Amino acid sequence: MRESRDVPAGLSSPTAPSSAAWSISAGLAAVSSAWLGAGLGDPAHAYWDEGLYITDAHRCFDGGPLENPEHPPLGKFLIGLGIQLAGDTALGWRAASFVAIVLLVASLPLWLAPTGLVGARAPRWELALAA
């Protein structure tokens, strides 16, 4: 008799990421944090389209009407959260983007681990790309 947790014929069971994938993930998180964090406050003024979002990011927490309702409200809320946590500076404006990018880069090895592209079974060309 087959248990409900058995994998149907023809399908492979998902595997948990290896310790190598977790190590690579931690390394990528450290490297991307250092690399991106070094220039996070530069320039110190609002750059490119940040000005469109900063005003509305304040209004998300003040309860005022949004100046640009056509722009994504989640982005404005996350920028506002960064401002609440890190202050109304370039660091606060960019904190949410910084966290999102570091988490994305760090999670890639964990997503790719079941494919064999990360870990002990990784092809040797991967090492050349990483160098």
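Two residues are in contact when heavy atoms of theirs lie within 4.5 Å. Keep that meaning in mind for the close-up views below, which come from a predicted model.

**Figure 1. The whole chain is built from helices.** Before zooming in, it helps to see the overall plan: the protein chain has five helices and zero strands. Following the sequence from start to end gives the pattern α-α-α-α-α. Of the 131 residues in the protein chain, 24% are buried. The accessible surface of the protein chain is about 9100 Å², and carbon and sulfur atoms account for 67% of that area. Looking at contacts between residues at least 6 apart in sequence, 52% join residues at least 24 apart.

**Figure 2. R94 and its surroundings.** This view centres on R94, which sits in helix α4 (residues 90–112). Is R94 buried or exposed? Its relative accessibility is 10%, so R94 counts as buried. Leaving aside neighbours within four places in sequence, R94 touches L40, G41, D42, P43, H45, Y47 and E50. Two of these contacts deserve a closer look, since they involve backbone oxygens. A polar atom of the R94 side chain lies 3.0 Å from the backbone oxygen of L40. For P43, the backbone oxygen is 2.8 Å from a polar atom of the R94 side chain.

**Figure 3. A salt bridge between R94 and E50.** Stay with R94 for a moment and turn to its partner E50. The two residues form a salt bridge, with their closest N and O atoms 2.7 Å apart. This pair ties together distant parts of the chain: R94 belongs to helix α4 and E50 to helix α2, and they are 44 residues apart. Both R94 and E50 are buried.

**Figure 4. A salt bridge between K76 and D56.** How many salt bridges does a search of the whole structure find? The search finds three, and the one shown here joins K76 to D56. The closest N and O atoms of K76 and D56 are 2.9 Å apart. Here, too, distant parts of the chain are linked, with K76 in helix α3 and D56 in helix α2, 20 residues apart. K76 has a relative accessibility of 0% and therefore counts as buried. D56 is also buried, and its relative accessible area is 0%.

**Figure 5. A salt bridge between E67 and R59.** In this view, the side chains of E67 and R59 meet in a salt bridge, at 3.6 Å from N to O. What is the accessibility of E67? It comes to 47%, so E67 counts as partly exposed. R59, at 27% relative accessibility, counts as partly exposed as well.

**Figure 6. An aromatic pair made by F61 and F77.** The structure has one aromatic pair. The ring centres of F61 and F77 are 5.3 Å apart and the ring planes meet at 15°, so the pair is stacked; the cut-off for stacking is under 30 degrees. F61 lies in helix α2 (residues 50–62) and F77 in helix α3 (residues 73–86), so that the pair links distant parts of the chain, 16 residues apart. F61 is partly exposed, at 33% relative accessibility. F77 is likewise partly exposed, with a relative accessible area of 36%.

**Figure 7. A nonpolar patch on the surface.** Both rings of the previous view return here, joined by several leucines. F61, L74, F77, L78, L81 and L85 form a nonpolar patch on the surface, and together they have about 560 Å² of accessible area. Which helix gives the patch its largest share? That helix is α3, which contributes five residues. One member of the patch, L74, is placed in helix α3. L74 has a relative accessible area of 57%, so it is exposed; the cut-off for that word is over 50%.

**Figure 8. S32 in helix α1.** The last view turns to S32, found in helix α1 (residues 19–38). With a relative accessible area of 6%, S32 is buried. Its side chain reaches the backbone oxygen of A29 at 3.3 Å. Beyond its neighbours within four places in sequence, S32 is in contact with G37, V102 and V105.

Terms used:
Residues are numbered from 1 along each chain as its sequence is written. This is a predicted model: local features need pLDDT of at least 70, side-chain atom pairs count only at pLDDT 80 or more; totals for chains, interfaces and linings use all residues. Side-chain values use heavy atoms; hydrogens and water are left out. Rings of Phe, Tyr and Trp (its six-membered ring) pair if their centres lie within 6.5 Å; planes under 30 degrees apart count as stacked, over 60 as edge-to-face and the rest as tilted. Helices (H or I, at least four residues) and strands (E, at least two) are DSSP runs, numbered from the N terminus. Buried means under 20% relative accessible area, exposed over 50%, partly exposed in between (1.4 Å probe, protein chains only). A polar contact is a pair of N or O atoms within 3.5 Å; within protein, one must be able to donate a hydrogen and the other to accept it, and residues adjacent in sequence count only if both atoms are side-chain atoms. Patches are made of residues with over 30% relative accessible area and no salt bridge: like charges are joined within 9 Å, nonpolar side chains (Val, Leu, Ile, Met, Phe, Trp, Tyr) within 5 Å. Accessible areas come from the Shrake-Rupley method with a 1.4 Å probe; for residues, only the protein chains shown count as cover. A salt bridge is a side-chain nitrogen of Lys or Arg within 4 Å of a carboxyl oxygen of Asp or Glu.
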